[in-house]
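Biologist: I would like a close look at a single part of this model, with its surroundings described carefully and in a connected way. Please begin with the part itself and then work outwards.

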Amino acid sequence: MEHLQTQGISLPRLGLGTFRMPREVCRAAVESALGLGYRHIDTAEMYGNEDAIGAAIATSGIPRKELHITTKVWHENLAPDAIRRAFDASLEKLRLDQVDLYLVHWPSRNMDLPAIFETLLKLKQQGRTRAIGVANFNLALLKTVVEEIKAPIACNQIEYHVMLDQTTVAKYLAAKSIPLVAYAPLAQGRAASDETLIAIGRKHGASAAQVALKWLLDQDSVAAIPKTSRAESQRANLDALKLRLDDEDRKAIAALPKDKRFVNPGFAPVWD
């Protein structure tokens with residue numbers, strides 16, 4: 001499994017997303033993924049399944065140093081004391097002494113960014129999280145965090161797939177050597193039924209979903225966390241790493257409409 005090096009951590013480029021995955025389903029999914037060779041598990045306090053992931057990790061027998069665990073603080077808990085309480089709760093549920101990456105899950109309109117990152121940096125300095133980062137931050141917010149606050153963020157996790165153009169944010173992140181972690185990398189399942197992707201997959205003996213995933217992972221400094229509870233789909237996502245797309249394939253994918261955003265809560269800032 002290829003890794004991205006960022007802020008002192010080694011981030012596996014393919015991980016398992018667990019959004020909207022109920023506890024028992026989540027535990028079984030994580031157990032399955034770890035058994036197949038996944039080492040990057042993504043969760044959040046808002047998902048309500050950190051305890052299930054903690055149970056799966058505890059029974060896996062996999063050395064902790066081989067795992068990468070990301071969790072996130074919800075936008076309602078961005079005051080310093082609330083961050084600390086949320087972080088403590090997440091660690092307890094995950095049954096861990098340390099997470100690898102702790103993210104601000106969503107920005108909020110009234111957040112105090114300097115105070116947030118002062119708190120996150122203290123958690124990092126205390127060794128309780130190995131790295132810190134953000135999710136769903138647009139270009140203006142990224143510039144504030146990186147250039148004004150000078151926070152050592154290890155990634156920006158955003159919605160990114162073949163149906164959504166993220167060039168502006170992606171170019172900025174690449175220029176700053178900050179990885180982009182793509183969630184909903186299969187456009188919440190819609191990539192599987194796209195005729196262009198189906199045709200490309202047919203040419204390579206692969207599925208449309210595998211084509212969509214490999215298109216992302218072929219990009220420098222991009223990781224992806226597709227969500228799936230089925231072992232067959234988890235295995236198929238791993239097999240996508242073996243796929244080789246050619247210039248003709250990339251040209252066809254570039255021609256697809258890229259204006260489809262499927263995650264956009266009302267409290268999030270307007271994207272550029």
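What follows is a request for one loop, and then a long answer about that loop and its neighbours.

Biologist: Which residues in the loop between β9 and α7 have a positive phi although they are not glycine, and what does Ala-191 of that loop contact beyond its neighbours within four places in sequence?

Modeller: This is a predicted model, and the description below should be read with that in mind. The loop between β9 (180-183) and α7 (195-204) holds Ala-184, and Ala-187 and Ala-191 are found in the loop between β9 and α7 as well. Two of these alanines answer the first part of the request: Ala-184 has a positive phi of about 50° without being a glycine, and Ala-187, likewise not a glycine, has a positive phi of about 55°.

The three alanines can also be described by their accessibility. Ala-184 has a relative accessibility of 15% and therefore counts as buried, the cut-off being under 20%. Ala-187 is buried, with a relative accessible area of 0%, and Ala-191 counts as buried at 1% relative accessibility.

For the second part of the request, and leaving aside neighbours within four places in sequence, Ala-191 is in contact with Met-163, Leu-186, Leu-197, Ala-208 and Ala-212. The C-alpha atoms of Ala-191 and Glu-118, by contrast, lie 39 Å apart in space, with their positions 73 residues apart in sequence.

One of the partners of Ala-191 is Ala-212, and the view from that residue leads back to the loop. Ala-212 is placed in helix α8 (residues 208-217) and, at 0% relative accessibility, counts as buried. Outside its neighbours within four places in sequence, Ala-212 is in contact with Val-162, Pro-185, Leu-186, Ala-191 and Leu-197. Leu-186 and Leu-197 are thus among the contacts of Ala-191 and also among those of Ala-212. Ala-212 and Asp-194 are 18 residues apart in sequence, and their C-alpha atoms are 9.7 Å apart in space.

The loop also has a part in the largest pocket, which encloses about 540 Å³ of space. That pocket is lined by 29 residues, and the closest to its centre are Phe-19, Tyr-183, Ala-184, Gln-188 and Lys-227. Ala-184, with its positive phi of about 50°, is therefore a buried residue at 15% relative accessibility that is also listed with those closest to the centre of the largest pocket. The lining as a whole divides into 18 nonpolar, seven polar and four charged residues.

The second largest pocket offers a comparison, with a volume of about 160 Å³. Of the 14 residues that line it, those closest to its centre are His-3, Ser-10, Pro-12, Lys-65 and Glu-66. Its lining divides into four nonpolar, five polar and five charged residues.

On its far side in sequence, the loop leads into α7, and the packing of that helix extends the picture. The axes of α7 and helix α10 (residues 247-254) come within 10 Å and cross at roughly 170°, which makes α7 roughly antiparallel to α10. From α7, Thr-196, Leu-197, Ile-200, Lys-203 and His-204 meet Glu-248, Asp-249, Ala-252 and Ile-253 of α10. The residues of this contact divide into four nonpolar, two polar and three charged. Leu-197 takes part in this contact with α10, and Leu-197 is also in contact with Ala-191 of the loop and with Ala-212 of α8.

A second loop with a buried alanine can be set beside this one. Ala-151 is placed in the loop between α5 (139-148) and β8 (153-159) and, at 7% relative accessibility, counts as buried. Leaving aside its neighbours within four places in sequence, Ala-151 is in contact with Phe-117, Val-145 and Val-146. Its C-alpha atom is separated by 18 Å from that of Val-99, 52 residues away along the chain.

To return to the request, the loop between β9 and α7 holds Ala-184 and Ala-187, with positive phi values of about 50° and about 55°, together with Ala-191, whose contacts include Leu-197 and Ala-212.

Methods. Residues are numbered from 1 along each chain as its sequence is written. This is a predicted model: local features need pLDDT of at least 70, side-chain atom pairs count only at pLDDT 80 or more; totals for chains, interfaces and linings use all residues. Side-chain values use heavy atoms; hydrogens and water are left out. Helices (H or I, at least four residues) and strands (E, at least two) are DSSP runs, numbered from the N terminus. Buried means under 20% relative accessible area, exposed over 50%, partly exposed in between (1.4 Å probe, protein chains only). Axes are lines fitted to C-alpha atoms, for helices over the stretch in contact, and angles run from 0 to 180 degrees between N-to-C directions. Angles under 35 degrees count as roughly parallel, over 145 as roughly antiparallel, 65 to 115 as roughly perpendicular and the rest as oblique. Contact means heavy atoms within 4.5 Å. Ala, Val, Leu, Ile, Met, Phe, Trp, Tyr, Cys and Pro count as nonpolar, Asp, Glu, Lys and Arg as charged, and the others, Gly among them, as polar. On a 1 Å grid over the protein atoms alone, a cavity is a set of points where a 1.4 Å probe fits but cannot get out, and a pocket is an open set with protein on both sides within 12 Å along at least five of seven lines; lining residues have an atom within 4 Å of a point. Grid points are joined across faces, edges and corners, and a volume is the space filled by probe spheres set on the points.
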